[in-house]
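Visitor: Please pick a single part of this molecule and take me in for a close look. I'm new to this, and plain words would help.

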Amino acid sequence: MADMWRAGWHTHRLQFFDFRKYAVTRDYPYLDGTSKLSPYISLGILSIRDLFNYAVEFSEEFVRQLAWREFYYYLKNKYPWMRNMEIKSRMRNIRWENDEYLINAFKEGKTGYPIVDAGIRQLKSERWMHNRVRLIVANFLVKDLHVDWRIGEDFFKKNLIDYDETLNVGNWQWSASVGVDPLPLRVFNPMRQAEKYDPLCEYIKKYIPELRDLDHKELHDPLKYRLKGYYEPIVNHYERIKKFKEMIS
Ligand SMILES: Cc1cc2nc3c(=O)[nH]c(=O)nc-3n(C[C@H](O)[C@H](O)[C@H](O)COP(=O)(O)OP(=O)(O)OC[C@H]3O[C@@H](n4cnc5c(N)ncnc54)[C@H](O)[C@@H]3O)c2cc1C
């Protein structure tokens, strides 16, 4: 996989990645279903105009993702302070718990929620994480662990090969429901997300091979099934979401 980031890989990828299938494959982290061009884009190696002109022939959905990128740049221009402050004014001044034990468990990929831990392991081993899993782990850090989104943003900054401050901040604010999302609160249940986007736990088992002999139903629900030889869930998702709602009300 590290092979992906060698010089010139993007020209090969442009030639062989099937943009026509992108709309159906992009959300499933166990598939090679996204372009993985982000490091080349964020480092300015790949021209965004060239990419747009090429991809527009094949995939409206891909162009929609490029539009998100443009949108975050627009927001940065409109709110130059968004790096440090929540765009939604009523979401400023949240009393984050920032519990060191929970933060460390998250950063070490030991939360006991396999989809979250697999994402952190992918990030550490490849310096990249699938978008669907970025959404799951960001939601988890903020809404389940009650950790300030800026701490997550900084953790991604230190680990992502495609780090782009504008996109990272914009996406962390969106995930934390403090940014531009029109929904007042968007909750991602890590268990239901794993069930939907990694139904047979192929992604989970790839990054956490010690779980390969466990049944996918068990891996999807670590609160119900005790996962033999694995970390216990550090929090109860349902209780923590209830508490998060109280924190922001
Ligand atoms: C919490 C969080 C933090 C993120 N931090 C970064 C970051 O630091 N740098 C970064 O490049 N992307 C970031 N993203 C956006 C997205 O996850 C990545 O762009 C994508 O996973 C890169 O993989 P890809 O090139 O295969 O994407 P593809 O699905 O192939 O998409 C093509 C391109 O569209 C753009 N794009 C796709 N999704 C988004 C999005 N949600 N927001 C803005 N642009 C998007 C990217 O330039 C991407 O390379 C973040 C997302 C989340 C949820």
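Guide: Let's start where helix H7 packs against helix H11 (helices, H or I, are DSSP runs of at least four residues and strands, E, of at least two, numbered from the N terminus). The two pack at an angle of about 70 degrees, with their axes 8 Å apart. An axis here is a line fitted to C-alpha atoms, for helices over the stretch in contact, and the angle between N-to-C directions runs from 0 to 180 degrees. H7 and H11 are therefore roughly perpendicular to each other; the label covers 65 to 115 degrees, with under 35 roughly parallel, over 145 roughly antiparallel and the rest oblique.

Before we zoom in, keep in mind that this is a predicted model: local features need pLDDT of at least 70, side-chain atom pairs count only at pLDDT 80 or more, and totals for chains, interfaces and linings use all residues. Residue numbers start from 1 along each chain as its sequence is written.

Who does the touching? On the H7 side you'll find Pro114, Ile115 and Val116, and they meet Pro190, Gln193 and Ala194 of H11. (Contact means that two C-beta atoms, placed from the backbone, lie within 7 Å.) Sorted by class, that meeting place has five nonpolar residues, one polar and no charged. For the classes, Ala, Val, Leu, Ile, Met, Phe, Trp, Tyr, Cys and Pro are nonpolar, Asp, Glu, Lys and Arg are charged, and the others, Gly among them, are polar.

Now look at Ile136, which ties in with this spot. Skipping its neighbours within four places in sequence, Ile136 is in contact with Ile115, Val116, Gly119, Phe188, Pro190 and Gln193. Ile136 also turns up, with Ile115 and Val116, among the residues with the most contacts inside the largest nonpolar core, which has 36 residues. Val137, Phe140, Leu141 and Ile204 complete that list. A core of this kind is a set of buried Ala, Val, Leu, Ile, Met, Phe, Trp, Tyr and Cys residues joined through C-beta atoms within 7 Å. Two or more of its residues come from each of H6 (100-107), H7 (114-126), H8, H10, H11 (190-197) and H12 (202-207). H8 supplies the largest share, eight residues.

Let's visit H12 for a moment and find Glu202 there. Glu202 counts as partly exposed, with 13 C-beta neighbours inside 10 Å. (The C-beta atoms are placed from the backbone: 20 or more others within 10 Å makes a residue buried, 12 or fewer exposed, and in between is partly exposed.) Its C-alpha atom is separated by 9.0 Å from that of Leu31, although the two residues are 171 apart along the chain.

H10, another contributor to the core, also packs against H5. The axes of H5 (residues 60-78) and H10 (residues 165-175) come within 9 Å and cross at roughly 90 degrees, so this pair is roughly perpendicular too. H5 brings Arg69, Tyr72, Tyr73, Leu75 and Lys76 to the contact, while H10 brings Thr166, Leu167 and Gly170. By class, that makes four nonpolar, two polar and two charged residues.

Next stop, the ligand. Of the 27 residues around it, Thr34, Ser35, Ser38, Asn168 and Asn171 come nearest; a residue is near if its C-beta atom, placed from the backbone, lies within 6 Å. H5 and H10 each give two or more residues to this shell, as do H3 (38-42) and H8 (131-144). The shell has twelve nonpolar, nine polar and six charged residues.

Finally, peek at the loop between H5 and H6, where Asn93 sits. Most residues other than glycine have a negative phi. Asn93 has a positive one, near 60 degrees. Asn98, found in that loop as well, has a positive phi too, near 45 degrees. Which of these is exposed or partly exposed? Asn93 is exposed, with 8 other C-beta atoms within 10 Å, whereas Asn98 is partly exposed, with 13.
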